[in-house]
Amino acid sequence: MPLTRKAYRAAILHSIADPAEVGIEASYEYFEDGLLVVDGGKISAIGHASELLPTLPPDIDINHYQDALITPGFIDTHIHLPQTGMVGAYGEQLLDWLNTYTFPCESQFGDKAHADEVADIFVKELLRNGTTTALVFGSVHPQSVNSFFEAAEKLDLRMIAGKVMMDRNAPDYLTDTAESSYVESKALIERWHGKGRLHYAVTPRFAPTSTPEQLTLAGQLLTEYPDLYMQTHISENLKEIEWVKELFPERKGYLDVYDHYKLLGERSVFAHGVHLCDDECARLAQTGSAVSFCPTSNLFLGSGLFNLPMAEKHKLNVGLGTDVGGGTSFSLLQTLNEAYKVMQLQGARLSPFKSLYLATLGGARALRLEDKIGNLQPGSDADFLVLDYNATPLLSYRLKQANNIAETLFVLMTLGDDRTVQQTYAAGALVHQR
């Protein structure tokens, strides 16, 4: 038998359940001296090195990491490819920020050379930050999605993306029509959905920029291709919510607009949800829809604080999103740093194990991919990270004071960033080395 197997030895940690449902202790597995065995792009074994080593052939290739932690690859459930070039744009709230910065930046993506260049930078940034799966907004141009999927396919990454559908309330140079958005989305679906580890997401930007005709056709695509994703924004900003009420006076509220056009479902992910009410959380949970919690962006744009305890009460699937470029970092470690503060401001706690869950298994569940990614169970795709305890002098010093894995994990999430990610693996292949 050819030796396709490889083993990775270090401390290993992964989520196996939501701490909100089973309690913290039952939510994770930790191996202080662990071994991860990978075969043919999938995980074949995980456990204590002392127990697994005797079961392996003597000539197996073992990568042994000192002062490091292996975790599943991070999952970013909301990010914008075309906004890479305007991260950290100054001084606006959502609606002004879209008009001042976002739309002009997105207008360049009809040009293939530009789209290719940004897709390359974007994929490298994801992998540098340990993100192995992302749910990605393109621009209104099909080229943005083609360029992204071409870059992702070369590395056999599990990625989900879609062309923005936007036929009103945006500059003329950036709108499509209900019909063209349907035709272009369909062509992209036929080309990319299910190819390798790639998936397509129907992507109406948000209710204010789509006519009822366009939302109807978005719902139709979901009916025609039952395993598609759907991604959009909801209840991010109070002025946005008022605008939706003006545009759709016949609907009960913001979520009801999407519900009416049949956009809720098991692969539907709604970004932000900062101002959702109890009834809306219950309806999202009932339909199997998910919310992407984007703390960095919500703070940067002054949008508000996401109520995670309310989502937990309704057993609503929640993933984590960087929301670049409203968010200011590709790093999910940095995003968790902000998520902790968002909870603190509401008098709530965010344990490091719940944080790990949100960045990995929680995101996988939000995307209905928990059988493939988000944990290190045998049979899962070998998407994993090596996090370096000595990535910076301060991190190294601080971690020497940590007494247990909970403290170590929390310090990684407050002091860690892209420098902490020593290696990123996707489907068993090394795709980033610091």
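Reader: In this structure, does Cys281 count as buried or exposed?

Author: The model is predicted, and the accessibility computed from it settles the point. A residue counts as buried when its relative accessible area is under 20%. The relative accessibility of Cys281 is 2%, so Cys281 counts as buried.

Reader: Which cysteine has the sulfur closest to that of Cys281, and why is there no bond between the two?

Author: A disulfide requires two cysteine sulfur atoms within 2.5 Å. For Cys281 the closest cysteine sulfur is 7.3 Å away, which is too far for a bond, and it belongs to Cys277.

Reader: How many disulfides does the count come to?

Author: Cys294, which counts as buried at 0% relative accessibility, can be examined in the manner used for Cys281. The sulfur of Cys294 lies 15 Å from the closest cysteine sulfur, that of Cys281, and this is too far for a bond. Under the 2.5 Å rule, the number of disulfides is zero.

Reader: In what order do the seven strands of the open sheet stand?

Author: The pairing in this sheet is mixed, and neighbouring strands are turned by 35° against each other on average, direction ignored. Strand E3 (42–48) and strand E16 (429–433) each have a single partner strand, so they stand at the edges, with one side of each left without a neighbour in the sheet. The order of the seven strands is E3-E2-E1-E4-E14-E15-E16.

Reader: Which residue in E4 is the bridge partner of Lys6?

Author: Strand E1 covers residues 6–15 and strand E4 covers residues 61–72; the two run parallel and are joined by six bridges. Helix H14 (residues 352–359) lies across E1 and strand E2 (28–39), running at about 115° to E1. On the E4 side, the bridge partner of Lys6 is Asp61.

Reader: Where is the place of Leu126?

Author: Leu126 counts as buried, because its relative accessibility is 0%. Not counting residues up to four places away in sequence, Leu126 touches Ile79, Thr131, Ala134, Met159 and Phe330. Its C-alpha is 9.3 Å from that of Phe74, although the two residues are 52 apart in sequence. The place of Leu126 is in helix H4.

Reader: Which residues have the most contacts inside the largest nonpolar core?

Author: This core has 110 residues, and its largest share, seven residues, comes from H4. Apart from it lies another core, of 16 residues, including Ile43 and Tyr425. Within the largest core, one of the residues with the most contacts touches Leu81, Ala119 and Phe122, among others. The residues with the most contacts there are Phe148 and Tyr258.

Definitions and conventions. Residues are numbered from 1 along each chain as its sequence is written. This is a predicted model: local features need pLDDT of at least 70, side-chain atom pairs count only at pLDDT 80 or more; totals for chains, interfaces and linings use all residues. Side-chain values use heavy atoms; hydrogens and water are left out. Two strands pair if DSSP finds at least two bridges between them. Helices (H or I, at least four residues) and strands (E, at least two) are DSSP runs, numbered from the N terminus. Axes are lines fitted to C-alpha atoms, for helices over the stretch in contact, and angles run from 0 to 180 degrees between N-to-C directions. Contact means heavy atoms within 4.5 Å. Buried means under 20% relative accessible area, exposed over 50%, partly exposed in between (1.4 Å probe, protein chains only). A nonpolar core is a set of buried Ala, Val, Leu, Ile, Met, Phe, Trp, Tyr and Cys residues joined through side-chain atoms within 4.5 Å.
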